[in-house]
There are 2 protein chains.
Amino acid sequence: MTDKISERIPSAERREQILEAASRVFGERGYFGATTDQIAKAAGISQPYVVRMFGGKENLFVGVLTRSLDRLLVAFTETIAQWKADGSPAATDPGYPIGKNPKHGEIGRRLGLAYVNLIEDRGLLLSLMQAFSMGQDPSIGAKARGGFLTIYRLLREEAGFDPEEARGFLAEGMLLNTLLGLRLTDDYGKDDAATELIECTFRTKLQLVLEVQGDEGERA
Amino acid sequence: MTDKISERIPSAERREQILEAASRVFGERGYFGATTDQIAKAAGISQPYVVRMFGGKENLFVGVLTRSLDRLLVAFTETIAQWKADGSPAATDPGYPIGKNPKHGEIGRRLGLAYVNLIEDRGLLLSLMQAFSMGQDPSIGAKARGGFLTIYRLLREEAGFDPEEARGFLAEGMLLNTLLGLRLTDDYGKDDAATELIECTFRTKLQLVLEVQGDEGERA
DNA sequence: GTCTATATATAGATAGAC
DNA sequence: GTCTATCTATATATAGAC
């Protein structure tokens, strides 16, 4: 049972394990509150190894943030590519009831679903939320602003949103962050206001997850 | 120059000073990352006194959160009362269809302005954002969820929003939090995407701050 | 109401063995 | 690639003086 010495694995793989663990711990305790020792324990390795591999705590957090933003960008990029491959804009769109612009209602729903699937990873969600409150930190703030603006440009230039639509999409996303960060979903069915807000938010954003997932199933 | 011993002041006043200082420090460093010593220095008193007055760090954070939520609730309550006193449709006709009525956009703008004025206090903004990412903490999470739902009920029952309007208002608020937390406003005029997003967000939310402030001036 | 002194615990980082 | 041992700094909280 003496699993004191971890299996020897390639550094790239270990690096990913550490980032995954760090994402959870930074999310739960914040950048300053998280300790490299907690991260090391979560990753199943020694504390000095974490420090050695990333050179320090700040570099590690930037690594976590970069990984989260990359995953978000990849998910959105792939979603848009699939949407275009499916006959993109108004083509095969059967005219959905939501939004003034049915042409963009479809991609909005697809991106919304992709986003919710991503932030079900609470580590990713919370480390993003932490970064959003750290604009004052030179390196972390710059990285977070850059990532946020990259997503905005993707919405504008690739998904075809106008400024108003892009802003609305981002606002809905920030509300989703808050409801999940707060764990307000725990009050679903217990509190009338919580139940109404959750149903309204998830229905509007996803137009029922199952419906969209059903569409994906039909394509397969 | 030996200002080692602070002036002797009433505990209620000192308590408020500590909460104000704690709001800033908790906001910048997070709950776990903030230290009672940093808070004490920011308040100009000794660290043990901070601990003694609040009984501990967790109580202190709950105090900060309670104060922030109270300020928000008071600001919104007063804004709604003023709106009704100014002769809103809802005030004169209980059965007034608030839905998509243009006159109803008025209370949204007023509440939005009140909100932006509040979160210009970065300590308040960031401590709220921290709380929104702490749903997993038993006492802090419960307090934060309760406060968020209280605001939701106020929008629904007092401001006359329907579920969709309330959700949209909250979403816009969460986007404002993010843009300010990120300090994305620092990129205004420097980055095209940032400039567009900021102009779109603040124009939509406030319908030009000056316009509303002008209305207030006319009443005076 | 406010402090100094301090006990006890834990932080991030470095050195060097295997 | 991974560890143990350890240095130095700093954390929260308590005791007790003024």
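# DNA strand C

The surface near DNA strand C (near: a heavy atom within 4 Å of the strand) is made up of seven nonpolar, seven polar and eight charged residues. In this classification Ala, Val, Leu, Ile, Met, Phe, Trp, Tyr, Cys and Pro are nonpolar, Asp, Glu, Lys and Arg are charged, and the others, Gly among them, are polar. The model is predicted, with pLDDT of at least 70 needed for local features and 80 or more for side-chain atom pairs, while totals for chains, interfaces and linings use all residues. Residues are numbered from 1 along each chain as its sequence is written, chains are lettered from A and ligands numbered from 1 in the order in which they are written, and side-chain values use heavy atoms, with hydrogens and water left out.

Strand C is surrounded by 22 residues, and the closest are B:Glu7, B:Ser11, B:Arg14, B:Ser46 and B:Tyr49. Sugar or phosphate accounts for 67% of the atoms of DNA strand C within 4 Å of the protein, and bases for the rest. Several polar contacts (pairs of N or O atoms within 3.5 Å) can be listed. The side chain of A:Gln47 places an N or O atom 2.9 Å from a base nitrogen of DNA strand C. On the phosphate side, a side-chain N or O atom of B:Ser6 is 3.2 Å from a phosphate oxygen of the strand, and a backbone N or O atom of B:Ser11 is 3.0 Å from a phosphate oxygen. Two or more residues of this surface come from each of helix H2 (36-43) and helix H3 (47-54) of chain A, and helix H1 (11-33) and helix H3 (47-54) of chain B; helices are DSSP runs of H or I with at least four residues, numbered from the N terminus.

# DNA strand D

Around DNA strand D there are 22 residues, the closest being A:Glu7, A:Ser11, A:Arg14, A:Ser46 and A:Tyr49. Of the strand D atoms within 4 Å of the protein, 69% are sugar or phosphate and the rest belong to bases. By class, the residues near strand D are seven nonpolar, seven polar and eight charged.

A phosphate oxygen of strand D lies 2.7 Å from a backbone N or O atom of A:Glu7, and a phosphate oxygen lies 2.3 Å from a side-chain N or O atom of A:Tyr49. A side-chain N or O atom of B:Gln47 is 3.0 Å from a base nitrogen of strand D. Helix H1 (11-33) and H3 of chain A, with helix H2 (36-43) and H3 of chain B, each give two or more residues to this surface.

# Annotated region

In chain A, residues 35-54 carry the UniProt annotation "DNA-binding region", from an unreviewed entry. The span is 80% helix and 0% strand, and its end C-alpha atoms are 14 Å apart.

# Relation of the two chains

A turn of 180 degrees with a shift of 0.0 Å along the axis lays chain A on chain B with an RMSD of 0.1 Å, by least squares on C-alpha atoms of residues with pLDDT of at least 70 in both. The copies are therefore related as by a two-fold rotation axis. Within chain A, A:Gly33 has the C-alpha nearest the axis, at 2.0 Å.

Technical notes
Polar contact = N/O pair within 3.5 Å; in protein donor to acceptor, adjacent residues only side chain to side chain. UniProt positions renumbered as here; feature names shortened; annotations may be inferred.
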